[in-house]
Amino acid sequence: MALTGMDIYKLLPKKNCKECGFPTCLAFAMKLAQGAVEATKCPYMSDDAKARLSEATAPPMRTVKFGAGDKCYNLGGETVLFRHEKTFVNKPRFAVLFSDAMSEEEIQGKIARMNKVDYVRINEEMYVEIAALKCESGNKETFLSLIKKVKDSCKKAVPMIITSNPEIARAAVEECKESGPILFGADEQNCEAMVELAKQHGLLLGVTAPDQEKLYNLVQKIQNLGYRELLLSTESGTLKQTFDDVVNIRRTALLSQDRTLGYPTLVFVNRLSKDKMMQLAMATLFVEKYASVIVLDDIDYSLALPLFALRQNIYTDPQRPMKVEQGLYKIGSADENSPLLVTVDFALTYFIVSGEVERSKIPSWMLIPDAGGYSVLTAWASGKLSGKSIAKAVKDFAVEEKLKTREIVIPGKVAVLKADIEDELPGWKVVVGPDEAALLPKFLRDYADK
Ligand code: SF4
């Protein structure tokens, strides 16, 4: 439970020396309890008091890590239940399940589909981050062969070893320890051996139990063994119970400040349904509330596009506009004589406008200046979109060297910029486009026919 101001006051030296910037130790304690000041401001606190304060003021949900090198990911560390309270910080990661009981054809098919899903959306590379490797055969050699095959073919995915057999787990970890795998399968029977293995290699340990109560007791037991790099999962077989478990774990950690359940969670949606679209629907639910690892049977673009877009939209700071990179973008097979349009770097505007340009089937160029990540009218009103910013983009992205055209189409809503741009860009003609992006296809077809 969180410490009160009086609890903190009892831990302070009570010198009232004012060196922390507060007139008394009590005033300092009250601010510390509100989280408005750092404990380090008092230079006279004992080590024991510092340790107790740091334990008591640590976030209720632990941030844990898996992976290695540039494929290292954080999970958990959330401080709120709802995104409107504060930004969610560590996005959930997607996993595709491989089993050593699958046929070679099935394994190769999944590897190919997993590798194919790799694209950039609003400056973020989207791909499956985890290959969940399950030992079903009970045979060490068969499982190691699966790990090697997937590890060698899916370079971007961090392995997650799924087994409850500590001996097989030990061999599996040896096979892929350089990738910082997740070790999943610690339960009531094997937890001592699994904790020892996870501790030895500093791995994130997946803990599983039949229900919330048993999971709570098991986590306490593992914490008493001195390990806290945990990922929690219950084995509930229904969507309703799994959802209930995941939400209760988050609420217990954040609202009751009970650190026994203050860890991220994992959900096997592939166990809840075998239907691909049901898995998609369930995965969207758990992106929103509150899984940190979501295991799917398979992946392709029909699953990846909605899932990754949803995750990106939820795990961004709502107070910061989503921006695309400034630059000169080619749409279709545009050449040096193709039309040139300008719009802003606000991601939503960019995608709407580029979608309409694609729909027109007229190959074109899109110039994106620095517009502060705002929509067209806001950028213009705030002075971010101006003759100067557009002329700067023309220069920065070497438009005059790349294109022969000296005409630039601007959004109809900022027609007032025409004279300003022509002043900044001598020899250029500004054409005023439509007010709405939906009118662009007709506008571009007419413009290209001129
Ligand atoms: Fe009290 Fe420490 Fe502040 Fe001095 S610096 S007033 S001892 S809290």
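A charge is said to sit over a ring when NZ of Lys or CZ of Arg is within 6 Å of the ring centre and within 35 degrees of the ring normal. The tour of this predicted model begins with a contact of that kind.

**First stop: Lys-14 and the loop around it**

Please select Lys-14 together with Tyr-9. Lys-14 lies over the face of Tyr-9, at a distance of 5.3 Å from the ring centre. That distance satisfies the limit because a value within 6 Å of the ring centre is required. Lys-14 belongs to the loop that runs between helix H1 (5-11) and helix H2 (25-33). Its backbone deserves attention as well: Lys-14 is not a glycine, yet has a positive phi of about 55°. With a relative accessible area of 39%, Lys-14 is partly exposed.

Please move next to Lys-18, which lies in the loop between H1 and H2. Lys-18, although not a glycine, also shows a positive phi, here of about 75°. Is Lys-18 buried or exposed? Lys-18 counts as exposed, since its relative accessibility is 53% and the exposed class begins over 50%.

**Second stop: the ligand**

Please display the ligand and the residues that surround it. The surrounding residues are Pro-13, Lys-15, Asn-16, Cys-17, Lys-18, Cys-20, Cys-25, Phe-28, Cys-42 and Pro-43. Lys-18, visited a moment ago, is thus one of the residues around the ligand. How does this shell divide by character, and how many residues are nonpolar, polar and charged? Seven are nonpolar, one is polar and two are charged. The space that the ligand takes is the largest cavity.

**Third stop: the whole chain**

Please zoom out until the entire chain is visible. The C-alpha trace spans about 75 × 70 × 35 Å along its principal axes. The chain contains 18 helices and 17 strands. Of its 450 residues, buried ones make up 50%.

**Fourth stop: aromatic pairs**

The next selections concern ring pairs. A pair of aromatic rings is described by the distance of the centres and the angle of the planes. The model holds 11 aromatic pairs. For one of them, please select Tyr-119 and Tyr-301, a tilted pair with 5.5 Å centre to centre and 50° between the planes. This pair links distant parts of the chain: Tyr-119 is in strand S4 (residues 119-121) and Tyr-301 is in helix H12 (residues 301-314), 182 residues apart. Tyr-119 is buried, with a relative accessible area of 14%, whereas Tyr-301 counts as partly exposed at 30% relative accessibility.

Please continue to Tyr-329 and Tyr-350, which form a tilted aromatic pair with 5.2 Å centre to centre and 55° between the planes. Here too distant parts of the chain are linked, with Tyr-329 in strand S13 (residues 327-331) and Tyr-350 in helix H13 (residues 347-360), 21 residues apart. Tyr-329 counts as partly exposed at 24% relative accessibility. Tyr-350 is buried, with a relative accessible area of 10%.

To see Tyr-119 and Tyr-301 in a wider setting, please add Phe-94 and Phe-308 to the selection; these four residues form one aromatic cluster.

**Fifth stop: Arg-121 and two helices**

Please select Arg-121 and Phe-351. The charged end of Arg-121 sits over the ring of Phe-351, at 5.8 Å from its centre.

In helix H13, Thr-349 may be selected next. Thr-349 counts as buried, because its relative accessibility of 14% falls under the 20% limit. From the C-alpha atom of Thr-349 to that of Pro-363, the separation is 19 Å, while the two residues are 14 residues apart along the chain.

In helix H12, please find Arg-311. Is Arg-311 buried or exposed? Arg-311 is buried, as its relative accessible area is 1%. The C-alpha atoms of Arg-311 and Cys-20 are separated by 42 Å, and these residues are 291 residues apart along the chain. Cys-20 was met earlier, among the residues surrounding the ligand.

**Last stop: Arg-406**

Where does Arg-406 lie? Please look in the loop between helix H16 (399-402) and strand S16 (407-410). Arg-406 is partly exposed, with a relative accessible area of 29%. To close the tour, please draw a line between the C-alpha atoms of Arg-406 and Ile-299: they are separated by 45 Å, and the residues are 107 residues apart along the chain.

How values were computed:
Residues numbered from 1 in each chain as written. Predicted model: local features only at pLDDT ≥ 70, side-chain atom pairs only at ≥ 80, totals over all residues. Heavy atoms only, no water. Phe/Tyr/Trp six-rings, centres within 6.5 Å; stacked < 30°, edge-to-face > 60°. Helix = DSSP H or I, 4+ residues; strand = E, 2+ residues; numbered from the N terminus. Buried < 20%, exposed > 50% of the residue type's maximum accessible area, 1.4 Å probe, protein only. Near = heavy atom within 4 Å. 1 Å grid on protein atoms, 1.4 Å probe; cavity = no way out; pocket = protein on both sides within 12 Å on 5 of 7 lines; lining within 4 Å. Sits in = over half its atoms within 2 Å of the grid points. Nonpolar A, V, L, I, M, F, W, Y, C, P; charged D, E, K, R; others polar.
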